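Thanks for making the time this morning. I would like to walk you through one structure, taking a few of its side-chain contacts in turn and then a pocket.

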Amino acid sequence: MTRLTNQCARRLFLDRHALLEQPAGPARGAELLSLIQRLGFVQLDSISTVARAHDMILYSRRAGYRAKHLKQLYERDRGLFEHWTHDAAMIPMAFYPHWHLRFRRDTELLRKRWRNWRRDGFEERFGKVLNHVRDHGPVSSSDVGKDEKKGSGGWWDWHPSKTALEYLWRSGALTVVGRDGFQKQYDLTERVIDEHLRPGPSCDETATINWLCSAALDRLGFATSGELAAFWDTASPAEAKSWCAEQTRLGELEEIEIEQADGKARKTFTRPGTVKAATELGPAPGRMRVLSPFDPVLRDRKRAERLFGFRYRIEVFTPAPKRQYGYYVFPLLEGTRLVGRIDMKADRDAECLRVTAVWPEQDVKWSPARAKRLEAELDRVARFADLSRVCFTDGWLR
């Protein structure tokens, strides 16, 4: 069985995620859409210690990117739609027909699940909520259910009309058309999505599964069937496994071994010719890059650990005394190595990017040259975040 070395596998994976090239070039309009299509989607997250996760993801690949460019592409140009993969994400509008299966499956899955997890009454609100949106145009959750008791808990304690809004969005009747701050604005799908993209009376499940698995493999380079299923989180593991078996039988896939960071081999699927192409890829830029905790390269934490030898867990929900590193710690990429992590935050009052700590990986020597590369990257990140300087806390190098 053909074996791909760990270094070649890293370069291939980074190339598919637009990190094997300098973060230069246009970062708005059609060029930005092309980048997101290359990645597949960009995960959304509300936490903003320096900038939102989706903005950090795009900035790390295109230094000229700014948050307004994504907002224009999404809300004005309608080049993207918002829905779920493994989490909430911005997805190219061209992919919308492949979400019909997701809408159909969420219709049944969430109705059963939310009956147990949410407050009662959301199903009885569907008609009222749809009529309200039809009559008033785009609405947020604060515009509906004003006569309902607001819960004091989290997402499981939404008032029934807010739950109905989310359900109708997840099942395809409503579409999110933008955000005010980070609050979603919903409108009728028929008023937002072009007719040729909208679901018809039937869904070609086989064609959708084929697209989901094929598109996932294009973006991962190599993968197990389980990794293909997890990429968009719509096809089941059994469906992905069956797809891999059939494509291998047809000669469209081949099974190879990937050398992991610890030297062990892991069997995966790839397309014929991928191994040769991977060996011909050039070196990664030597510059340091700050990655978002939700960067696509790290989305599958176990895969990142196997491939890069880098164990990363976000500690936002970990009580402070039990955190190993910090509340929101950014990984540091240098070439094809994840060389450390950094705890930093935008101090808007002082116009300063405040660095609390940097933890190099155990096998990484923190040389003066590496320190300079980090300082250069932090200067760039500070400018991106509209901050005037970088401030290091005493004892920052751990």
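Let me begin with Y167, which counts as buried at 3% relative accessibility, and please keep in mind throughout that what you are looking at is a predicted model. The ring of Y167 is paired with that of F126 in a stacked arrangement, with 4.8 Å from centre to centre and 10 degrees between the planes. Because F126 belongs to helix α6, residues 126-136, and Y167 to helix α7, residues 160-170, this pair ties together parts that are 41 residues apart in sequence. F126 is buried as well, with a relative accessible area of 13%.

A second aromatic pair, that of F231 and W232, is edge-to-face, again with 4.8 Å between the centres but with 85 degrees between the planes, and both of these residues are buried. F231 and W232 also belong to one aromatic cluster, whose members include F41, F81, W99 and W211. Across the structure there are 21 aromatic pairs.

Two arginines are placed over aromatic rings. The charged end of R170 sits over the ring of W84, 4.3 Å from its centre, while that of R179 sits over the ring of F182, at 4.2 Å from the ring centre.

Now to the cysteines, where I expect the bench questions will come. Which cysteines form a disulfide? The pair is C352 and C391, with their sulfur atoms 2.1 Å apart, and the count for the structure comes to one disulfide. Since C352 lies in strand β12, residues 352-360, and C391 in strand β13, residues 389-392, the bond ties together parts that are 39 residues apart in sequence. Both C352 and C391 are buried.

C213, by contrast, is in no disulfide, and its nearest cysteine sulfur, that of C244, is 6.3 Å away; because a disulfide requires the two sulfur atoms to lie within 2.5 Å, that separation does not qualify. C213 is buried, at 0% relative accessible area, and C244 likewise counts as buried at 0%.

Finally, the second largest pocket, which holds about 270 Å³ of space. It is lined by 13 residues, of which H54, D55, K71, R179 and G181 are the closest to its centre, so we meet R179 here again. Helices α3, residues 53-59, and α4, residues 67-76, each supply at least two residues of the lining, and the largest share, five residues, comes from α4. By character, the lining divides into six nonpolar, two polar and five charged residues.

Methods: Residues numbered from 1 in each chain as written. Predicted model: local features only at pLDDT ≥ 70, side-chain atom pairs only at ≥ 80, totals over all residues. Heavy atoms only, no water. 1 Å grid on protein atoms, 1.4 Å probe; cavity = no way out; pocket = protein on both sides within 12 Å on 5 of 7 lines; lining within 4 Å. Points joined across faces, edges and corners; volume = space filled by probe spheres on them. Helix = DSSP H or I, 4+ residues; strand = E, 2+ residues; numbered from the N terminus. Nonpolar A, V, L, I, M, F, W, Y, C, P; charged D, E, K, R; others polar. Buried < 20%, exposed > 50% of the residue type's maximum accessible area, 1.4 Å probe, protein only. Phe/Tyr/Trp six-rings, centres within 6.5 Å; stacked < 30°, edge-to-face > 60°. Lys NZ or Arg CZ within 6 Å of the ring centre and 35° of its normal.
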